[in-house]
Amino acid sequence: MRTQVGIVGAGPAGLMLSHLLHQRGVESVVIDLRTRQDIEETIKAGVLEQGTVDLMTQTGLGGRLHRDGFVHHGFNIAFSGRLHRINLYELTGGRAVTVYAQHEVLKDLIAKRLEDGGDVRFGVTDTTVEGLDTDRPVIGFTHEDQEHRLECDFVIGADGSRTYTRFLIREGKVRKDFFRQYPFAWFGILAEAPPSSDELIYAHSDRGFALISTRSPNVQRLYFQVDPSTNVDDWSEDRIWEEIQARVAGAGATIKTGTIIRKDVLQFRSFVCEPMQYGRLYLAGDAAHTVPPTGAKGMNLAIADVHVLDRALGAFYDAKDTGLLESYSETALKRVWRAQHFSWWMTSMLHRFSDATDFDLRRQLAELEMVTGSPTAAKTLADNYVGLPLV
Ligand code: PHB
């Protein structure tokens, strides 16, 4: 087999790149270990930056997004006894975020790739990559009991945080990893209940952080900070609702409860690998970086990476110009580190650290007063939250 761009991973980065390349007439093949059903049913975050929404809309992926997604012009931060609204729309000159679950984006991308005749192979095994130092790298894999050798011009490592491709860049000599662990996790639930609030609530409280988000008029997504060793089975429905309610009660919010249909614990990590390229391999999305979920930047960063890669590959195929490919890592890492700072900032401002002193708590509240009270500080928060323009 032969293609122009071989893409390992059918998540947001891999599928979106394949879709963008198709639109400019560049061929690709996407492979993934997971089944289509697995990919379409895995629950992740659900906030799309303005730039992600615009890119989807401009490239023919806006149908369900605009019908079923919810445009949010602001969000709330709960602390010191009340809700403080961040007016995203006014602060950013008319930008907003859209609440639309990641697995819905994936369903849209898969449907569109298949409709456009794209080659996407699910459930592959035995993936190998060779020849990254040559201009004909080869991806080996087994699909439906048949072994394949896929010869390409470029290999894209978009295989998520459990990546295989990242490790093809030798650690030490070439690759350096930057890593930070946090001393807590999020307990996440999906519940059949009406929304408790028109807009998201990020709550700072003595009992720790909580987040009130949504998925649809009938299904809500809520999270609360817990110890990383928490076992979901130790938490009954009643105890979960009481805990979430207790964390927002001080700010005057009331949670509408319902049947909990899913419980999970999300670990918190910040990770970046540098550089994001080696020879004919280019990493994109979680294969190269992970952020804690607090600012919902994960998928948006993956989309921003492949937006850069698409243009770089376009310049190569249109004009044999390798300049943008050579600077890919540098360009992508600027946004990655901005998002790392933002996600860390939101996390550190809102969570309760077990070793926090009264001093730390007062300082945290002063920071929250600043970002909600100063228009300049609020604008910085809002600009980063809706997402900086794609470059
Ligand atoms: C979500 O709805 O899953 C969500 C929303 C906002 C965040 C993180 C996750 O900051």
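Which domains does the domain assignment of the chain give? I started there and got domain 1 (5-73 + 95-178 + 269-349) and domain 2 (182-268 + 354-386). Note to self: this is a predicted model.

**Domains.** I looked up the spacing, and the centres of domain 1 and domain 2, taken over C-alpha atoms, are 28 Å apart. For the contacts between them I noted 30 residues on the domain 1 side and 27 residues on the domain 2 side.

**Ligand, where it sits.** Next I went to the ligand. Both domain 1 and domain 2 give residues to the shell around it, so the ligand lies between them. I have 15 residues down for the surroundings, and those that come nearest are Tyr202, Ser213, Arg215, Tyr223 and Thr294. Sorted by character, the shell has nine nonpolar, four polar and two charged residues. I also checked which strands take part: S15 (210-214) and S16 (219-226) each supply at least two residues of the shell.

**Ligand, polar contacts.** Which residue puts a polar side-chain atom 2.5 Å from an oxygen atom of the ligand? I found tyrosine 223 there. For arginine 215, I wrote down 2.8 Å between an N or O atom of the side chain and a ligand oxygen. Proline 293 uses its backbone instead: an N or O atom there lies 3.4 Å from an oxygen atom of the ligand. Then I looked at cover, and the protein takes up 100% of the 280 Å² of accessible area that the ligand has on its own.

**Eight-strand sheet.** I traced an open sheet with mixed pairing, and its order is S6-S5-S14-S15-S16-S13-S17-S20. S6 and S20 (289-290) are the edge strands, each pairing on one side only. S15 and S16, which I had already met at the ligand shell, are both in this sheet.

I followed the S6 end inwards. S5 (residues 74-79) and S6 (residues 82-87) run antiparallel and are joined by six bridges. In that pair, glycine 74 stands opposite asparagine 87. The two strands make a hairpin with two residues between them, and serine 80 in the turn has a positive phi of about 50 degrees. On to S14 (residues 201-203): S5 pairs with it in the parallel sense, over three bridges. Alanine 78 has alanine 203 of S14 as its bridge partner.

**Six-strand sheet.** This one is open and mixed too, and I read the order as S8-S2-S1-S12-S19-S18. S8 (119-121) and S18 (277-278) stand at the edges with a single partner strand each, so one side of each has no neighbour in the sheet. I looked at the S18 end: S18 pairs with S19 (residues 281-283) over two bridges, in the antiparallel sense. Glutamine 277 has tyrosine 282 of S19 as its bridge partner.

**Backbone oddities.** Most residues other than glycine have a negative phi, and most peptide bonds are trans, so I went looking for exceptions. Where is the cis peptide bond with omega near -10 degrees? I found it running from glutamate 274 to proline 275. Proline 275 is in the loop between S17 (259-274) and S18. Glutamate 144 also went on my list, with a positive phi of about 50 degrees although it is not a glycine. I placed glutamate 144 in the loop between S10 (138-143) and S11 (146-151).

How values were computed:
Residues are numbered from 1 along each chain as its sequence is written. This is a predicted model: local features need pLDDT of at least 70, side-chain atom pairs count only at pLDDT 80 or more; totals for chains, interfaces and linings use all residues. Side-chain values use heavy atoms; hydrogens and water are left out. Two strands pair if DSSP finds at least two bridges between them. Helices (H or I, at least four residues) and strands (E, at least two) are DSSP runs, numbered from the N terminus. A residue is near a molecule or strand if one of its heavy atoms lies within 4 Å of it. A polar contact is a pair of N or O atoms within 3.5 Å; within protein, one must be able to donate a hydrogen and the other to accept it, and residues adjacent in sequence count only if both atoms are side-chain atoms. Accessible areas come from the Shrake-Rupley method with a 1.4 Å probe; for residues, only the protein chains shown count as cover. Ala, Val, Leu, Ile, Met, Phe, Trp, Tyr, Cys and Pro count as nonpolar, Asp, Glu, Lys and Arg as charged, and the others, Gly among them, as polar. Domain bounds come from an automatic or database domain assignment. Contact means heavy atoms within 4.5 Å.
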